[in-house]
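Here are my notes on this one, as numbered points. Have the viewer open while you read, and start with the ground rules.

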Amino acid sequence: MKLTCIGAGYVGGPTMAMIAKKCPDITVTVVDINAERIAAWQSDLLPIYEPGLKEVVEEARGRNLFFSTDVDTAIAEADIIFVCVNTPTKTFGHGAGKASDLQYLEKTARQILANSTSDKIIVEKSTLPVRTAAAMQRILDSGTSNIHFDVLSNPEFLAEGTAIADLEAPDRVLIGGHETERGQKAMEALVNVYAHWVPRENILTTNVWSSELSKLAANAFLAQRVSSINSISALCEATEADVTEVARAIGKDSRIGPKFLNASVGFGGSCFKKDILNLVYLCETYGLTQPAAYWQQVVNMNDYQQERFVGTMIKEMFNTIAGKRIALCGFAFKADTGDTRESPAISIVRQLVAERADVVITDPKALNNAKTDLSDILDYVTFEEDPYKAIDGAHAVGVLTDWECYKTLDYKKAFDSMTKPAFIFDGRNCLDHQALYELGFNVYGVGKSPLSHI
Ligand SMILES: NC(=O)c1ccc[n+]([C@@H]2O[C@H](COP(=O)([O-])OP(=O)(O)OC[C@H]3O[C@@H](n4cnc5c(N)ncnc54)[C@H](O)[C@@H]3O)[C@@H](O)[C@H]2O)c1
């Protein structure tokens, strides 16, 4: 069997590497229009950082895993085509700021149609608005030949930072298909790919629309937990309750569970915001005003949390941060990834720069992406690989990503090199606040009473 994946990004690359590793009998070709990205997948320096990814790629690459820019040939040769192209939020025209921009998906569909000489199964792996498969099918059926395309939905649930573990042992694989005989046969073919390593009971099959909507709903529910605990963190700061204690108390309830209850500067990543906004747009399109407003609030709460974080910094540092050196530890949207898309750090840096702070950013994997994200304000920000150099002379440290290396910094050394009084704002609640306070820091967590010497 030959399998092609269109789109060699954060989803296409790792997912196909895992399929190739687990299915040596299947030839997997990953193609992309971005030649630089493909060259990186072929090299020792992979285009994305993900723990364990390099080992999986190296095991299969050249054996049954190939990377190429020749999209047309890979389409022609494939039995199954995974579509993993980007589906960002639309920035123009109808639905700008909310709806999904489906231009890459549509181009891909047309390219598949133009280059196919045999029947194919098309798998939507990109996250898409519910009922996109119908549009995809219409484009694919607009040809004049007798070639048949079966469109399936197979959304990806991996999380960056733990992608390899998630792919190795997914909570579930979701496959949506049509209830026709052909649709069922196509689903069975895809089930058989995953069944090489995923227990059958963890492979769910549904109708196409449930599958498409389940991905949007899953991201909305996850983000909602973050916004819910962040809303409580604001109340904790006002009442001397401690959000970590509250999260522990509610998370012990087995109906609620402990995960995704860490108060913070908010969620980031390329998916949560875009997928919720897409859900909001869908609700609006169907005239469902209240559901749209309900989900919109999850995004609003996230923006509020970042503004609150900067507000606390300004207030505690004597109502001015102009000219003050602020060292930000972490720019990636979470630990163990270099991905900075929609990272809370982006808006926090912009707010600090607007206050005329002297911002220095450090991150073990994300500095290159940070430079691109901040390309319009590079005159006001500096980048430093070594966290101690970043902190040297700073008035304040802000922790924006929960990288392990920031939990284990020598904070005595850091404190000694800082301007006094020294402040630390832990936007991830990942440091030992009492120990920092005892070193002399004025410590501010999220949803916690300040530990201040002032
Ligand atoms: N990143 C995640 O954690 C994650 C998780 C689950 C689902 N998703 C979804 O998966 C999809 C892809 O996300 P990503 O993070 O991998 O995006 P990405 O931007 O990293 O990768 C997409 C790739 O598709 C390529 N591409 C676009 N048009 C193309 C075309 N016509 N032909 C060939 N290649 C083309 C781009 O060059 C790019 O390299 C999105 O819909 C996203 O919502 C992402």
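1. First, a cut-off you'll need throughout: "buried" means under 20% relative accessible area, "exposed" means over 50%, and "partly exposed" is in between, with a 1.4 Å probe and protein chains only. This is a predicted model, so bear in mind that local features need pLDDT of at least 70 and side-chain atom pairs count only at pLDDT 80 or more, while totals for chains, interfaces and linings use all residues. Residues are numbered from 1 along each chain as its sequence is written, and side-chain values use heavy atoms, with hydrogens and water left out.

2. Some backbone oddities to check. Arg131 is not a glycine, yet has a positive phi of about 85 degrees. It sits in the loop between β5 (120-124) and α6 (132-140) (helices are DSSP runs of H or I, at least four residues, and strands runs of E, at least two, numbered from the N terminus). Its relative accessible area is 44%, so Arg131 is partly exposed. Asp336, in the loop between β9 and α13, also has a positive phi, near 70 degrees; with a relative accessible area of 33%, Asp336 is partly exposed.

3. There is a cis peptide bond too: it joins Lys420 and Pro421, with omega about -5 degrees. Look for Pro421 in the loop between α17 (411-417) and β13 (423-426).

4. On to the ligand. Which residues come nearest to it? Of the 25 around it (a heavy atom within 4 Å), they are Asp32, Arg37, Thr87, Glu160 and Lys274. By class, the shell splits into nine nonpolar, nine polar and seven charged residues. Here Ala, Val, Leu, Ile, Met, Phe, Trp, Tyr, Cys and Pro count as nonpolar, Asp, Glu, Lys and Arg as charged, and the others, Gly among them, as polar.

5. For the ligand's oxygen atoms, an N or O atom in the Asp32 side chain is 2.6 Å from one, and a polar side-chain atom of Thr87 also lies 2.6 Å from a ligand oxygen. Tyr10 uses its backbone instead, with an N or O atom 3.0 Å from a ligand oxygen. The protein covers 93% of the 830 Å² of accessible area that the ligand has on its own (Shrake-Rupley, 1.4 Å probe).

6. Helix α1 (residues 12-22) has nine of its eleven residues buried, so it is largely enclosed by the rest of the structure. Among the buried ones are Gly12, Pro14, Met16 and Ile19.

7. The largest nonpolar core (buried Ala, Val, Leu, Ile, Met, Phe, Trp, Tyr and Cys joined through side-chain atoms within 4.5 Å) has 45 residues, and Leu3, Ile19, Val28, Phe82, Ile175 and Tyr194 touch the most other members. Helix α8 (residues 181-194) supplies the largest share, seven residues. A separate second core of 30 residues includes Ile314, Ile321, Val359 and Leu400.

8. What about Asp150, in strand β6 (residues 149-153)? At 10% relative accessibility, Asp150 counts as buried. Its side chain makes a polar contact with that of Arg182, at 3.1 Å (N or O atoms within 3.5 Å; within protein, one must be able to donate a hydrogen and the other to accept it, and residues adjacent in sequence count only if both atoms are side-chain atoms).
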